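Biologist: I'd like to go through this one slowly and ask you how we know each thing. Can you put it up on the screen?
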Amino acid sequence: MSKPRSLVLPSGTRAYALVTPRGRFAVLDAEPVGPALGTALLLPGFTGSKEDFLALLEPLARAGYRAVAVDGRGQHESPGPRGAGGYTPRTLAADVIAQAAALGDGPVHLVGHSFGGLVARSAVRLSPRSFRSLTLLSSGPGHVGPEQRAKIRLLRAALPVLPPAAVWAVTRWLDSRDPAYEPEAPEVAAFLRQRWFNTRPGQLIAAGRQLRTEPDRTENIAALPVPLHVAYGSGETVWTVEELAALARDTDARHTVIPGAGHSPNVSHAEALAAALTEFWATGV
């Protein structure tokens, strides 16, 4: 689970509902400082939300980019259907294409964190002209590793039969056993709990299923007709660093490793990640 360290909106950032033909999506929209160089659309991961990018918005805006983080359908403050059937890969990809169009800035730079990377690459495959580039952030070529699959299976089994509060307690216990676990401030803990209760169970079930079963898509990713960037922390654990390095090599993507970062460089090492993203956008596109 990605956990923002602060919930304070950066200067120049608005929270609102982005209206699209496919529904309304809650966004955080950071205006660029100075002349606009482009727009980035940021997709969160499993159990995450737009707030996971709060630390990244300001450095991207300072570099001249409009940065828009979004809750996908059924995530936190974006509405969505209750059942898992409403969250197919194609459905989520079509949502992203609609979000990019609704921003009104032409093709956007797309950044998908973890599960958001799976959604992002599907969106680019469906509509490559909607996007200037694709960054897969801490997002591998196929399913997650054995430990993560076991956690997702446990969550999948608990969601239909236990009350939400009990599932939340199990989730928090699992998180606390992670060697990288850090206790959060009380206001962040309250936010994480509310985000959990806001997120639709069907979204969690569908996303978890895809993370457990996704086949290796390296060949499909390599065939995408946009500039590619694979970025992750040196301490990545959801996929192995060897898998991610191979993905970058086999897709001929720009390859960035953020020293000292874990699964969420967007939270822990936002300045370094922003520098890598903006360099890629400036020279790799």
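Biologist: Which strand is Leu 136 found in?

Modeller: Leu 136 sits in strand β6, which covers residues 131–137. Keep in mind that this is a predicted model.

Biologist: What makes Leu 136 count as buried?

Modeller: Buried means under 20% relative accessible area. Leu 136 comes out at 2%, so it counts as buried.

Biologist: And what does Leu 136 touch, leaving out residues up to four places away in sequence?

Modeller: Its contacts include Gly 112, Arg 121, Ile 221, His 229 and Leu 247.

Biologist: How far apart in space are Leu 136 and Ala 120?

Modeller: They're 7.9 Å apart, C-alpha to C-alpha, with their positions 16 residues apart in sequence.

Biologist: Okay, helices now. Why are α1 and α11 called oblique to each other?

Modeller: Helix α1 (residues 54–62) and helix α11 (residues 270–283) pack at about 45°, their axes 9 Å apart. Angles under 35 degrees count as roughly parallel, and 65 to 115 as roughly perpendicular. The angle of about 45° fits neither range, so the pair is oblique. Their crossing is right-handed, by the way.

Biologist: Which residues of α1 make that contact?

Modeller: On the α1 side, Ala 55, Leu 56, Pro 59, Leu 60 and Arg 62. Among their partners on α11 are Leu 273, Leu 277 and Trp 281. The contact residues divide into 9 nonpolar, 1 polar and 2 charged.

Biologist: Which residues touch the most other members of the largest nonpolar core?

Modeller: Leu 41, Leu 110, Phe 131 and Leu 134, in a core of 54 residues.

Methods:
Residues are numbered from 1 along each chain as its sequence is written. This is a predicted model: local features need pLDDT of at least 70, side-chain atom pairs count only at pLDDT 80 or more; totals for chains, interfaces and linings use all residues. Side-chain values use heavy atoms; hydrogens and water are left out. Axes are lines fitted to C-alpha atoms, for helices over the stretch in contact, and angles run from 0 to 180 degrees between N-to-C directions. Helices (H or I, at least four residues) and strands (E, at least two) are DSSP runs, numbered from the N terminus. A crossing is left-handed if the near helix is turned anticlockwise from the far one by less than a right angle, and right-handed if clockwise. Contact means heavy atoms within 4.5 Å. Ala, Val, Leu, Ile, Met, Phe, Trp, Tyr, Cys and Pro count as nonpolar, Asp, Glu, Lys and Arg as charged, and the others, Gly among them, as polar. A nonpolar core is a set of buried Ala, Val, Leu, Ile, Met, Phe, Trp, Tyr and Cys residues joined through side-chain atoms within 4.5 Å. Buried means under 20% relative accessible area, exposed over 50%, partly exposed in between (1.4 Å probe, protein chains only).
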